[in-house]
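The following exercises ask the reader to work from residue environments to strand topology. Each task is followed by a solution in steps.

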Amino acid sequence: MTKDPSDTLTGTITGRAAEYSEADILGSISGPIFGDKLGFRAGARYYTYGGQYTNQLTGRKVGQEETKSA
């Protein structure tokens, strides 16, 4: 289920940070194009996680992740 566009221009930005270099940033914008007949809504997200464990053989972090979506 999707959220309907708003009747006025609105936007939101939220963020979260946690251990192991984890960060999550979300944003959205919504508003009318032609009065109450046509509107728009767009959103985007950026997520990164630095990994919790270290591979003893390579020295690299295990479980690293980076996601970008719109």
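**Exercise 1.** Determine which residues E22 contacts beyond its neighbours within four places in sequence, and decide whether E22 is buried or exposed.

*Solution.* Step 1: in this predicted model, once the neighbours within four places in sequence are set aside, the contacts of E22 are R16, A17, Y47, T48 and Y49.
Step 2: E22 belongs to strand β2, which spans residues 22-34.
Step 3: the C-alpha atom of E22 is 6.1 Å from that of G50, although their positions lie 28 residues apart along the chain as a separation in sequence.
Step 4: the relative accessibility of E22 is 17%. Buried means under 20%, so E22 counts as buried.

**Exercise 2.** Establish the strand order of the open sheet and identify which strands stand at its edges.

*Solution.* Step 1: the open sheet is formed by four strands in the order β1-β2-β3-β6, with antiparallel pairing.
Step 2: the edge positions are taken by β1 (10-18) and β6 (65-69). Each has a single partner strand, so one side of each lacks a neighbour in the sheet.
Step 3: from one strand to the next, the twist averages 5°.

**Exercise 3.** For each pair of strands in the sheet, state how many bridges join them, and find the hairpins.

*Solution.* Step 1: nine bridges join β1 and β2 in the antiparallel sense. One of the facing pairs is G11 and I29, the latter in β2.
Step 2: β1 and β2 also make a hairpin with three residues between them, and Y20 in the turn has a positive phi of about 60°.
Step 3: β2 and β3 are paired in the antiparallel sense over 11 bridges. Here L26 has R45 of β3 as its bridge partner.
Step 4: three residues lie between β2 and β3 in their hairpin, where G35 in the turn has a positive phi of about 55°.
Step 5: β3, residues 38-49, pairs with β6 over five bridges, again in the antiparallel sense. Opposite Y46 stands K68 of β6, and opposite Y47 stands T67 of β6.

**Exercise 4.** Describe the surroundings of S28 and name the side chain with which its own side chain makes a polar contact.

*Solution.* Step 1: S28 is a residue of strand β2.
Step 2: apart from neighbours within four places in sequence, S28 is in contact with T10, G11, T12, R41, A42 and G43.
Step 3: the polar contact joins the side chains of S28 and T12 at 2.9 Å.

**Exercise 5.** Is K68 buried or exposed, and which residues does K68 contact beyond its neighbours within four places in sequence?

*Solution.* Step 1: K68 is located in strand β6.
Step 2: its relative accessible area is 64%. Since exposed means over 50%, K68 is exposed.
Step 3: with neighbours within four places in sequence left aside, K68 is in contact with R45 and Y46.
Step 4: K68 and R45 are 23 residues apart in sequence, yet their C-alpha atoms are 5.8 Å apart in space.

**Exercise 6.** State which element has the lowest mean pLDDT and which the highest.

*Solution.* Step 1: the mean pLDDT of the protein chain is 92, and 99% of the residues score at least 70.
Step 2: among the elements, strand β5 (residues 61-62) has the lowest mean, 88, whereas β1 has the highest, 97.

Notes. Residues numbered from 1 in each chain as written. Predicted model: local features only at pLDDT ≥ 70, side-chain atom pairs only at ≥ 80, totals over all residues. Heavy atoms only, no water. Helix = DSSP H or I, 4+ residues; strand = E, 2+ residues; numbered from the N terminus. Buried < 20%, exposed > 50% of the residue type's maximum accessible area, 1.4 Å probe, protein only. Contact = heavy atoms within 4.5 Å. Pairing = 2+ DSSP bridges. Axes fitted to C-alpha atoms, helices over the stretch in contact; angles between N-to-C directions. pLDDT = per-residue confidence, 0-100. Polar contact = N/O pair within 3.5 Å; in protein donor to acceptor, adjacent residues only side chain to side chain.
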